[in-house]
Amino acid sequence: MPDKNQDIQIKNFIHGEWVEETGVDAVSLFNPSTGEQIGEVPLSSEKTSKESIDSAYSAYDSWRKLSLSKRMGYIFDIRQAIIDREEDLAVAIATDQAKHISEARGEVRRIIEIFETACSIPTLIQGEFLQGISANISGRVVKEPLGVFGGVAPFNFPALVFAWFVPFAIGVGNTFIYKPSTQSPLFMQGIGDIFQAVGLPNGVVNIIHGNRTVPGTWYEDPKMSGVCLVGSTPTAKAMAEACGRGGKRSMLLGGAKNILVAMEDVQPDLFIDNFIHSCFGSAGQRCLAGSIVAVVPEVYDSLLEKMIEAGKSIKTGDALDPDVYMGPVISAQAKKKIEQYIDIGIKEGSTLVLDGRNPKMPEKNKNGYFVAPTIFEGVTPCRTIAKEEIFGPVVSVMKIRDLEDVLEIIRAQPFGNGACIFTQNQYYTEHFISEANAGMVGVNVGVCAPHPYLPFGGIKDSHLGTNKVQGKDGIDFFVQNKIATVRVAPPTGHFSGGTAATGDKAKQETAQVRSCVAQ
């Protein structure tokens, strides 16, 4: 039975108008909860991608010259429009991305908070001033926009990644080209409507759908200033190389393999609540999902039993069903890949204590892409499921000797996104924060995502570049520093800083000291 939304035709948003891309290939858009096709997404041509660059470039000069207060007015208006359409946007996320509706609402709520943080840009981009460098000379640092940026989003957070990039980029005076995932484009269709509703000037933000052809036009184009990505590590590395060749600024977030550590003084109920949220929220499809649970011997058996009970209690089903905790994974291909990792875990000798393959579903969801909570125990660090990013609700439980043992495991990981410890011991807490080789750490929290006013991002293979997203880091990436050295003098042109030397004495002093800066 075809879905009632099967006729959705995803459009590009270029220069303030919805544009239907014709004469190109398209990919099917599915509802992962049912497995049914609900529309098509165009794979935009190189020509269309270049048109979006031209649009953003033509809008840049007038947008950057717009007063800061007026630019902030648009940010405030977009924020309010998101609030007004909050439920519709959440339903869009739950339909094609298929995270549970409660989590979709949480994602929309978080981007509202990020827009509120972006509203503080006037304070966060204030420059610096140094007077008294020398007589009548001062210096200043002015923060300026760069031009046109492009951003590529993953399927799993269509709203969050938009908010990490766009409000900060345009708030400081840049223009932006945004490419959503072809698997979850519905949210940005709603955002394009908001741009029109608030009267955002044409070309300030363009939305274009497609494959690698779209960012492929960015790297060598002199009209482009920078590129942002949240995606896999191989994609991030390929884009870093391309940006390097093209001289583009880049901010690229890659993959992850996050760990939860339970020490002997763990509070079991607190841990289990966070374990569920971290490992099975968003069906394990997020860059801060718990993938490894490392437990000391003193509490290993008791905690493992509680984890299995918790996993069995989780109801998996349609993302729009309010009685469900966990929705499906994004696609049939993702489901197959996750199940292959489960097979690998079994073959390599780990013990499957909770098997989430092929859960029973009601008739309307029988073709959905479901994998229920899955738990392995007795996993060792050298095994595939403990090293590679699975991106699904699969947990590897391993027994560790002590805190130093797990810190060595974290150091050996090529990824460095997140790590969390559960303890009441202050020494464990401080030592973990200091020595865990990850960009984000948590204490007694399962998802160590920073709040919007703090930077978000990992290290090692989880993050390429210098700046992280959101917070002040997210603003600094989108501005460049211009340094001004200023001498002021009386209208007559006479220098009042002192009496100039004359004759042989002046020649002697000039020969002795010639400064490389203004004197």
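Strands β1 and β5 (residues 36–42) make a good place to start: they pair in the parallel sense, with two bridges between them. This is a predicted model, and the protein it shows contains 17 helices and 23 strands. Buried residues account for 54% of its 519 residues. The points below go from the opening sheet to the other strand pairs, the nonpolar cores, a few individual residues and the overall figures.

**The sheet around β5**

- I8 has G39 in β5 as its bridge partner.
- The open sheet here is built from three strands, ordered β1-β5-β4, and its pairing is mixed.
- β1 (8–9) and β4 (26–31) are the edge strands, each pairing on one side only.

**Strands β13 and β14**

- Strand β13 (residues 258–262) runs parallel to β14, and five bridges join the two.
- One position to look at in this pair is A262, which stands opposite V295 in β14.
- How many of the six residues of β14 are buried? Six of the six are, so β14 is largely enclosed by the rest of the structure.

**Strands β15, β16 and β17**

- Strand β15 (residues 351–354) and strand β16 (residues 374–377) run antiparallel and are joined by three bridges.
- Within that pairing, L354 has I375 in β16 as its bridge partner.
- β16 also pairs with strand β17 (residues 394–399), this time in the parallel sense and over three bridges.
- T374 is matched with V394 in β17 as its bridge partner.

**Nonpolar cores**

- The largest nonpolar core holds 128 residues, and F165, F271 and F275 have the most contacts inside it.
- Helix α6 (residues 158–171) gives the most to this core, contributing 11 residues.
- Which residues does F165 contact, leaving aside neighbours within four places in sequence? They are G151, V152, F176, Y178, C228, L229, V230, M251, V469 and F478.
- There is also a second, separate core of 18 residues, with I53, A56, V152 and L252 among them.
- V152 is thus worth a look in the viewer: V152 is in contact with F165, yet V152 belongs to the second core.

**Two residues with positive phi**

- As background for the next points, most residues other than glycine have a negative phi.
- A283 has a phi near 55 degrees, a positive value in a residue other than glycine.
- A283 sits in the loop between α10 (268–280) and β14 (290–295).
- Is A283 buried or exposed? A283 is buried, because its relative accessible area is 2%, and the cut-off for buried is under 20%.
- K460 likewise has a positive phi, near 55 degrees, and is a residue other than glycine.
- K460 lies in strand β21 (residues 459–460).
- With a relative accessible area of 28%, K460 counts as partly exposed.

**Q413 and its contacts**

- Q413 is found in the loop between α14 (403–412) and β18 (415–416).
- Its relative accessible area is 10%, so Q413 counts as buried.
- Not counting residues up to four places away in sequence, Q413 touches K257, I292, A386, K387 and K460.
- K460, one of these contacts of Q413, is the residue in β21 described above with a positive phi.

**D343 in helix α12**

- D343 is part of helix α12 (residues 332–347).
- Why does D343 count as partly exposed? Its relative accessibility is 33%, and partly exposed covers the range between the 20% and 50% cut-offs.
- D343 and I385 are separated by 42 residues in sequence, and their C-alpha atoms are 9.9 Å apart in space.

**Overall figures**

- The C-alpha trace spans about 95 × 60 × 40 Å along its principal axes.
- Among contacts between residues at least 6 apart in sequence, 73% join residues at least 24 apart.
- The accessible surface comes to about 22400 Å², and 50% of this belongs to carbon and sulfur atoms.
- For anyone setting up charges, the protein has 49 positive and 58 negative side chains.
- The centres of those two sets of charges lie 7 Å apart.

Key:
Residues are numbered from 1 along each chain as its sequence is written. This is a predicted model: local features need pLDDT of at least 70, side-chain atom pairs count only at pLDDT 80 or more; totals for chains, interfaces and linings use all residues. Side-chain values use heavy atoms; hydrogens and water are left out. A nonpolar core is a set of buried Ala, Val, Leu, Ile, Met, Phe, Trp, Tyr and Cys residues joined through side-chain atoms within 4.5 Å. Buried means under 20% relative accessible area, exposed over 50%, partly exposed in between (1.4 Å probe, protein chains only). Helices (H or I, at least four residues) and strands (E, at least two) are DSSP runs, numbered from the N terminus. Contact means heavy atoms within 4.5 Å. Accessible areas come from the Shrake-Rupley method with a 1.4 Å probe; for residues, only the protein chains shown count as cover. Lys and Arg count as positive and Asp and Glu as negative; His and the chain ends are not counted. The place of a charge is taken as NZ of Lys, CZ of Arg, CG of Asp or CD of Glu. Two strands pair if DSSP finds at least two bridges between them.
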